[in-house]
Amino acid sequence: MSGRFSEERMAAAMRDIAAMLDVSPEGARLLQLTNNAVFALPRPGIVIRIARTHQLLGRAAKVVQLGRWFAEIDAPTIRLAPRVKQPVQIRDLVASVWTYVRPQPPAPTARDLGFVLREFHALDLPTLALPAWDPISDARLRLSDAEYLSANDRDFLKAWCDRLEPKIAALNQRIEPKLVHGDAYVGNLLRGSSSRTILCDFDATCLGPWQVDLAAAAVGEARFGQTGAHRELAAAYGFDVTTDPLWAVLREARELKMVVAAVPLLATSASVAGEFANRLNSVREGDLKSGWRPLANLAPR
């Protein structure tokens with residue numbers, strides 16, 4: 001991918017941050033290249049997350065504040081790297097730095113996610129200012145920064161945001177807000193040496209309906225064919241979100257997030273562009289059963 005947020009530029013920024021922290025980037029691994037470029041540096045024991053859109057740079061400050069609060073209350077979450085002044089700025093890019101958690105067997109499951117979310121949702125609301133759940137503003141910000149989106153697709157996505165926005169606003173007005181992770185799926189779970197399962201990636205953490213965090217597995221089951229994941233999560237959590245009166249809105253909001261997530265990756269490969277078209281066409285046609293492929297399996301490393 002060429003452009004401001006290419007893999008090459010992200011790797012160069014990672015090396016610059018490592019130099020700033022006086023650690024070696026040797027052995028660094030690219031874990032993710034979506035809305036963030038996420039690099040694991042196992043030797044110094046850190047993870048560097050670099051924002052790949054200028055429109056969402058403010059999130060770095062939010063996740064750092066959350067990371068400090070999570071440590072204070074011993075929340076089931078990853079921890080910020082100690083002794084690092086955060087967020088880290090390198091030229092026009094912003095990053096956060098976290099403690100590296102070496103994966104331990106067994107791998108986290110949907111059942112683990114259900115138990116962790118019950119604990120996470122039971123936390124008191126933090127005193128720091130958090131935004132309300134607002135998937136529409138997030139989508140619009142990403143669209144405004146998109147470099148490779150056709151005018152036709154941009155117009156459709158903007159119109160989708162316009163249709164969904166009043167439904168989200170009405171939902172937020174009638175619920176008691178809880179702490180919401182915002183992107184709760186098994187890929188954002190880690191199991192460390194203590195065997196405690198913990199959450200990571202707090203870019204989307206906000207205050208809103210707790211049911212938002214149960215929707216990801218249910219939508220994933222429908223779109224990716226993940227047999228049994230939603231059932232396991234619902235059993236562990238004690239609630240099936242697909243029976244909730246809010247389900248239709250929650251599903252649509254999650255699918256909007258999943259479609260827009262592909263926008264920064266459109267130039268990475270023909271496979272990603274094809275998957276974006278597949279997702280968007282299924283929404284255009286009202287096809288709720290069309291199968292999608294995970295972006296992580298398509299974006300080049």
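The buried residues of helix α8 are covered by parts of the chain that include α4 (135-144), α5 (151-174), α6 and α9 (270-284). That is a handy place to start with this structure, which is a predicted model. Helix α8 itself takes in residues 247-260, 14 residues in all, and reaches 20 Å from its first C-alpha to its last, close to the 20 Å expected at 1.5 Å a residue. Most of this helix is covered, with 11 of its 14 residues buried. The buried set is made up of W247, V249, L250, R251, A253, R254, E255, L256, M258, V259 and V260.

One of the residues touching α8 comes from another helix. R223 belongs to helix α6, which spans residues 212-224. At a relative accessible area of just 2%, R223 counts as buried, because the cut-off for that label is under 20%. Its side chain makes a polar contact with the side chain of E255, at 2.8 Å. Setting aside neighbours within four places in sequence, R223 is also in contact with R251, along with E255, S282, D287, L288, K289, S290, G291 and W292. Both R251 and E255 are on the list of buried residues in α8.

Stepping back to the chain as a whole, the model holds nine helices and nine strands. With 301 residues, a compact globule would have a radius of gyration near 19 Å, and the chain has 19 Å, so the two agree. Taken along the principal axes, the C-alpha atoms fill a box of roughly 50 × 45 × 35 Å. Of the 301 residues, 52% count as buried. The chain exposes about 13,500 Å², and carbon and sulfur atoms supply 52% of that area. Looking at contacts with a separation of 6 or more, residues 24 or more positions apart account for 70% of them.

Helix α3 is another well-connected piece to look at. Its 12 residues (110-121) should span 16 Å at 1.5 Å a residue, and the end C-alpha atoms are 16 Å apart, so the expected and modelled lengths agree. The buried residues here are A110, D112, L113, G114, V116, L117, F120 and H121. In an α-helix there are 3.6 residues a turn, so residues three or four places apart point the same way. The buried residues of α3 pack against a mix of helices and strands: α2 (58-73), β6 (178-180), β7 (189-191), β8 (197-199), α6 and α7 (229-237).

Aromatic rings come next. A search of the whole structure turns up seven aromatic pairs. One of them joins W69 and F70 in a tilted arrangement, with 5.5 Å from centre to centre and 45° between the planes. W69 counts as buried because its relative accessibility is 12%, below the 20% cut-off. F70 is buried as well, with a relative accessible area of 0%. F70 also pairs with F202, again tilted, at 4.8 Å centre to centre and 55° between the planes. This second pair links distant parts of the chain: F70 sits in helix α2, while F202 is in the loop between β8 and β9 (206-208), 132 residues apart. F202 is buried too, at a relative accessible area of 2%. Together, W69, F70, W98, F120 and F202 form one aromatic cluster. F120 is one of the buried residues of α3, which brings that helix into the picture again.

Two more residues show contrasting settings. V88 lies in strand β4, residues 88-90, and counts as buried at 4% relative accessibility. Leaving out neighbours within four places in sequence, V88 is in contact with I17, M20, L93, V94, A95 and V97. V88 and I50 are 38 residues apart in sequence and 9.1 Å apart in space, C-alpha to C-alpha.

D74, by comparison, is in the loop between α2 and β4. With a relative accessible area of 46%, D74 is partly exposed, because that value falls between the 20% and 50% limits. The side chain of D74 makes a polar contact with the side chain of R79, at 3.0 Å. Beyond its neighbours within four places in sequence, D74 is in contact with R79 and R196. D74 and V101 are 27 residues apart in sequence, with 16 Å between their C-alpha atoms.

Technical notes: Residues numbered from 1 in each chain as written. Predicted model: local features only at pLDDT ≥ 70, side-chain atom pairs only at ≥ 80, totals over all residues. Heavy atoms only, no water. Helix = DSSP H or I, 4+ residues; strand = E, 2+ residues; numbered from the N terminus. Buried < 20%, exposed > 50% of the residue type's maximum accessible area, 1.4 Å probe, protein only. Polar contact = N/O pair within 3.5 Å; in protein donor to acceptor, adjacent residues only side chain to side chain. Contact = heavy atoms within 4.5 Å. Expected span 1.5 Å × (residues − 1). Rg over C-alpha atoms; globule rule 2.2 N^0.38 Å. Areas by Shrake-Rupley, 256 points an atom, 1.4 Å probe, with all protein chains shown as cover. Phe/Tyr/Trp six-rings, centres within 6.5 Å; stacked < 30°, edge-to-face > 60°.
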